[in-house]
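Reader: I'm new to this one. Can you walk me through it?
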Amino acid sequence: MWKYIIKRLGYFIPTLFGITILVFTLSRLVPGSPVETILGQHATAELEALFEAQLGLDKPIYVQYIIWLKNILSGDLGQSLISNRKVSYLIFHRFQYTVRLALCTTAVNAVVGISLGIISAWKAGTKIDKTLRLISIFGWSMPSFLVGIVFIYIFALKLRLLPAMGAGSIAHIILPTLTIAAGGSSYLSRLTRGSLIEIAGQDFVKTAKAKGLTKSKIMISHVMKNGLLPIVTVIASSFRWALGGSFIVETIFAYPGIGYLATQSVTHRDYAVVIGTVLFFAILTCVTNLIVDILYVYLDPRVRYEGR
Amino acid sequence: MAKKDFSLIFALAILLMVIIFSIFPQYIASEYFTHVDLSKRLSTPSLENIFGCDFLGRDIFSLIVWGSRIALLICIVPTFIGAALGVSIGILSGYVGGKTDDVIQRMVEIIVSFPGLLLSLTIINILGPGLWNAMWSVTIWRVTGFIRITRSLTLTMKETGYVEWAKALGAGRAHVMFRHILPNILTPIIVQLTFSMPGTLLSVASLSFLGLGANPPSPDWGVLMQQSRKYLVYAPWAAFTPGIFIFLISFAFNTIGETFRDIVDPRAKYVRI
């Protein structure tokens, strides 16, 4: 197992570097040079050269990258043009909201999705399975922004039960969670069903049936125990999905998370914030993948012994 | 069986309707969509305006019909270009293996670490908003998806008899890749293609909804939703209707994809305990 973990970390580090290089490249591709932005109308050749030297822009690109990287590692992600706050401050302050939303969504996804998946698999081939499948495709095809505004219309505008915007109480998080969960649980239920059915097709299940075990016993002791193992990976990908889905949903509900920050910054051309957010999310996803992979190795004994 | 057949027929009907809308919008929608009638602002659905009018008094039904062309364009272009690039790179990566494979896989992993929408947002940040920029930004995500799938399929195919046989007969690498491996992995790729289309539509529509995709007064459905969102209280149908159509196309492609996958991969259907 440790051999695998070390190998996995060996993949992680270059990927992390690759991410920083890509983000740095994106940050330099952004239109308009910072010098022009600062100087505006007062730009003359000499002033530009002066500023460039001051900002370190006249140095070769790899030196600029190293300076940038050093800044990142010390926590300096730049300054927001719009709010005039440090990018790191903005991200740090809003991170808790996004995480809250992502966790709630993952919880709802997991509970609803996995239960429906288990029911689907148990009753595979029957009408219940077919109906659930239809419902899944329904949920999966729903654009999150449609679900969001429908919920706002019904629960906030017409019924006046739940708040449509902002954050601050549990009530505020309900609608955004349900919006993302609509798609996520459908997806999760399909994955669970697929995984369980694949396990059920294997020989050891046939053996169990031949031994005379009842269907319930087979499902619970054999199929689910094995089939739910990839669910760990699936829940993790559900978490990542929730993070990804948060952009639209947070924007619709004006929920003050990082997703909303990102979309606002793109609309307002606040480049520093966009780059900071991108870097943050990429690294977060990378780290989540790493944790999931290691967790999976820990849970699945087969992978552990593969190296021997 | 009955339920599934019904939904498949429904899906095909929807697709047919949208295709007809795209080819002959001028015969179906009674007016060109830019006709503005301010006296009818936000009017409720009526016999004359089937889905009502939006905030400028434009007939929503016309807007949707004229927008279907854009919607289908969005579905098709990024998916097919993504597939063409992704499959080629994937086969190359899977078959050639070694250092090339490693390098390509690293790059794919790096791109995949970025949440799809965020990557699109950044690219639009650089290129500027617009329908085509939005589509290109989504294409990159599609390419990586296809690379991954094609590569794993190629790896499986590499071990089969066809490839050994062809190599024994002296076939060159390009020949093996495109004459042997590609035709055999085509079916799962077509399934993936069918599933990619709704994803692409939803992504680009999301970008339009955020104001970063197509520009008004384009009849793109995402843009329509974004514009009508302000008037949700007065005229919810103005915002809901384009969304429902996006959902319908998505649903149609997903159902067709699922049915297709069942035909191609019957394992998931028949196993019972």
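Author: Let's start with a term. A crossing is right-handed if the near helix is turned clockwise from the far one by less than a right angle, and left-handed if anticlockwise. One note before we use it: this is a predicted model.

Reader: OK. How does H1(A) pass H4(B)?
Author: In a right-handed crossing. The axes of helix H1 (residues 2-29) of chain A and H4(B) come within 9 Å. They cross at roughly 65 degrees.

Reader: Which residues make the contact?
Author: From H1(A), they are A:Pro14, A:Thr15, A:Gly18, A:Ile19 and A:Leu22. H4(B) brings B:Arg106, B:Glu109 and B:Ile110.

Reader: How do the residues of that contact divide?
Author: Into 4 nonpolar, 2 polar and 2 charged.

Reader: Stay with H1(A). Which of its residues are buried?
Author: A:Thr15, A:Ile19, A:Leu22, A:Val23, A:Phe24, A:Leu26 and A:Ser27.

Reader: And what do the buried residues of H1(A) pack against?
Author: Helices of both chains. In chain A, helix H4 (61-73) and helix H13 (271-299). In chain B, H4 and H5.

Reader: How far apart are the end C-alpha atoms of H1(A)?
Author: 41 Å. At 1.5 Å a residue, its 28 residues should span 40 Å, so the two values agree.

Reader: Let's zoom out. How many residues of each chain are in contact with the other?
Author: 45 residues of chain B are in contact with 52 of chain A. On the chain B side, six helices each supply at least two residues: H1 (2-23), H4 (98-112), H5 (116-127), H8 (173-209), H10 (236-264) and H11 (267-270).

Reader: Which gives the most?
Author: H10(B), with 11 residues. The side of chain B that touches chain A divides into 26 nonpolar, 11 polar and 8 charged residues.

Reader: What about chain A on its own? What is its secondary structure?
Author: It has 14 helices and 0 strands.

Reader: What is its radius of gyration?
Author: 24 Å. A compact globule of 308 residues would be near 19 Å. Along its principal axes, the C-alpha trace of chain A spans about 90 × 60 × 25 Å.

Reader: How much of chain A is buried?
Author: 41% of its 308 residues count as buried. As for contacts in chain A with a separation of 6 or more, 72% of them join residues 24 or more positions apart.

Reader: New topic. Where is A:Ala254?
Author: In the loop between helix H11 (229-252) and helix H12 (258-267) of chain A. Its phi is positive, about 50 degrees, although it is not a glycine.

Reader: What sign does phi have in most residues?
Author: Most residues other than glycine have a negative phi.

Reader: Is A:Ala254 buried or exposed?
Author: Partly exposed. A:Ala254 has 14 other C-beta atoms within 10 Å, and a residue needs 20 or more to be buried.

Reader: And A:Asn226? Where does it lie?
Author: In helix H10 (residues 215-227) of chain A. A:Asn226 counts as partly exposed because it has 18 C-beta neighbours inside 10 Å.

Reader: How far is A:Asn226 from A:Thr25?
Author: Their C-alpha atoms are separated by 44 Å. Along the chain, they are 201 residues apart.

Reader: Last one. How many residues of H6(B) are buried?
Author: 20 of its 28, so H6(B) is largely enclosed by the rest of the structure. H6(B) covers residues 131-158 of chain B. Its end C-alpha atoms are 40 Å apart, which agrees with the 40 Å expected at 1.5 Å a residue.

Note on methods: Residues numbered from 1 in each chain as written. Chains lettered and ligands numbered in written order. Predicted model: local features only at pLDDT ≥ 70, side-chain atom pairs only at ≥ 80, totals over all residues. Contact = placed C-beta atoms within 7 Å. Helix = DSSP H or I, 4+ residues; strand = E, 2+ residues; numbered from the N terminus. Nonpolar A, V, L, I, M, F, W, Y, C, P; charged D, E, K, R; others polar. Rg over C-alpha atoms; globule rule 2.2 N^0.38 Å. Buried ≥ 20, exposed ≤ 12 C-beta atoms within 10 Å, placed from the backbone. Axes fitted to C-alpha atoms, helices over the stretch in contact; angles between N-to-C directions. Expected span 1.5 Å × (residues − 1).
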